[in-house]
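User: I am new to this structure and would like a close look at a single part of it, the nonpolar core and what surrounds it. Please walk me through it in one connected answer.

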Amino acid sequence: REPGQAMIYSNADSMALGYVLKGATGYHFNKYFESIWKEAGAYSSAHMLVNNKNEPYYHAGFAATPYDYIRLAHYVMKRLKKNDCFGKYLQKATTEQIDYPAFADNRDYGYHIWTDCMIGEQAFCFVGFSGQYLLFYPEKDLTLYVHSTGEKWGGYNKWSLFMYKISKGI
């Protein structure tokens, strides 16, 4: 298929992007991310699973404290408003780059970031395995972090409805 015409979610894409970052910067993502984590004002270290070569699993295995996830959310919202290189990247990465009709909740995809996260076209979210959920709604300057380990962690739709009601003052 032509680029941008179909979304096929694949962990291999994240791994390939990680190796591109390593080639461009000389650092694996976990080392490169340390500077972002520090700039975000994180209180504790973030952790990433690594393989036997000490390379991160680029597609999974990120862990942090709930408070540091919130600090990351505030950092992303702050940087999103800047017109520097990283701010411009975030502005593009958090907007739909490709339609992903496979999800019933109408999410789409930016650059490794879920977009159109149900509560508004400008909303975007980071969704982790089994319940980590960080929702951004820049239009209302709102963020929400949900952390769960349960199989039924409340669901994307439930938290999006919650944020929608807050944004509308309901």
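Analyst: What follows starts with the whole protein, moves to the core and the sheet, and ends with the aromatic pairs.

This is a predicted model. The protein has 170 residues, and 36% of them are buried. Its secondary structure comes to 5 helices and 7 strands. From the N terminus, the elements run α-α-β-β-α-α-β-β-β-β-β-α. Among contacts with a separation of 6 or more, 37% join residues 24 or more positions apart. The accessible surface is about 10,700 Å². Carbon and sulfur atoms account for 54% of that surface.

Now the core. The largest nonpolar core holds 20 residues. Y75, V76, F124, L134 and F136 have the most contacts inside it. Four elements give it two or more residues each: α2 (29–39), α3 (66–80), α4 (85–93) and β6 (133–137). The largest share comes from α3, with 7 residues. There is also a second, separate core of 12 residues. W114, C117, L135 and L144 are among its members.

Take F124 as a close-up. Set aside its neighbours within four places in sequence. F124 then touches V76, L80, T94, I113, W114, T115, C117, L134, L135, F136 and P138. Three of these names should be familiar: V76, L134 and F136 were listed with F124 as residues with the most contacts inside the largest core. W114, C117 and L135 are also familiar, as members of the second core.

F124 also has a place in the sheet. Strand β5 covers residues 124–127, and it pairs with β4 (residues 114–115) in the antiparallel sense over 2 bridges. F124 in β5 is the bridge partner of T115. In general, strands of a sheet pair through backbone hydrogen bonds, either parallel or antiparallel.

Step back to the whole sheet. It is open and has 5 strands, in the order β3-β4-β5-β6-β7. The pairing is antiparallel. At the edges are β3 (108–109) and β7 (142–146), and each pairs on one side only. Helix α3 packs on this sheet and touches β5, β6 and β7. The direction of α3 makes about 155° with that of β7. The helix that packs here is also the one that gives the largest share of the largest core.

Last, the aromatic rings. The count comes to 13 aromatic pairs. One of them joins Y19 and Y58. Their ring centres lie 5.4 Å apart and their planes stand at 70°, so the pair is edge-to-face. Y19 sits in helix α1 (residues 11–25), while Y58 is in the loop between β1 (47–48) and β2 (62–63). The pair therefore ties together parts that are 39 residues apart in sequence. Y19 is partly exposed, at 40% relative accessibility. Y58 is buried, with a relative accessible area of 16%.

F86 and Y89 make a stacked pair, with 6.3 Å centre to centre and 15° between the planes. Both lie in helix α4, 3 residues apart, which means about one helical turn separates them. F86 is partly exposed at 26% relative accessible area. Y89 is partly exposed too, at 37%.

Finally, F29, F33, W37, F62, Y69 and Y145 form one aromatic cluster.

Conventions:
Residues numbered from 1 in each chain as written. Predicted model: local features only at pLDDT ≥ 70, side-chain atom pairs only at ≥ 80, totals over all residues. Heavy atoms only, no water. Core = buried A, V, L, I, M, F, W, Y, C linked by side-chain atoms within 4.5 Å. Buried < 20%, exposed > 50% of the residue type's maximum accessible area, 1.4 Å probe, protein only. Contact = heavy atoms within 4.5 Å. Pairing = 2+ DSSP bridges. Axes fitted to C-alpha atoms, helices over the stretch in contact; angles between N-to-C directions. Areas by Shrake-Rupley, 256 points an atom, 1.4 Å probe, with all protein chains shown as cover. Phe/Tyr/Trp six-rings, centres within 6.5 Å; stacked < 30°, edge-to-face > 60°.
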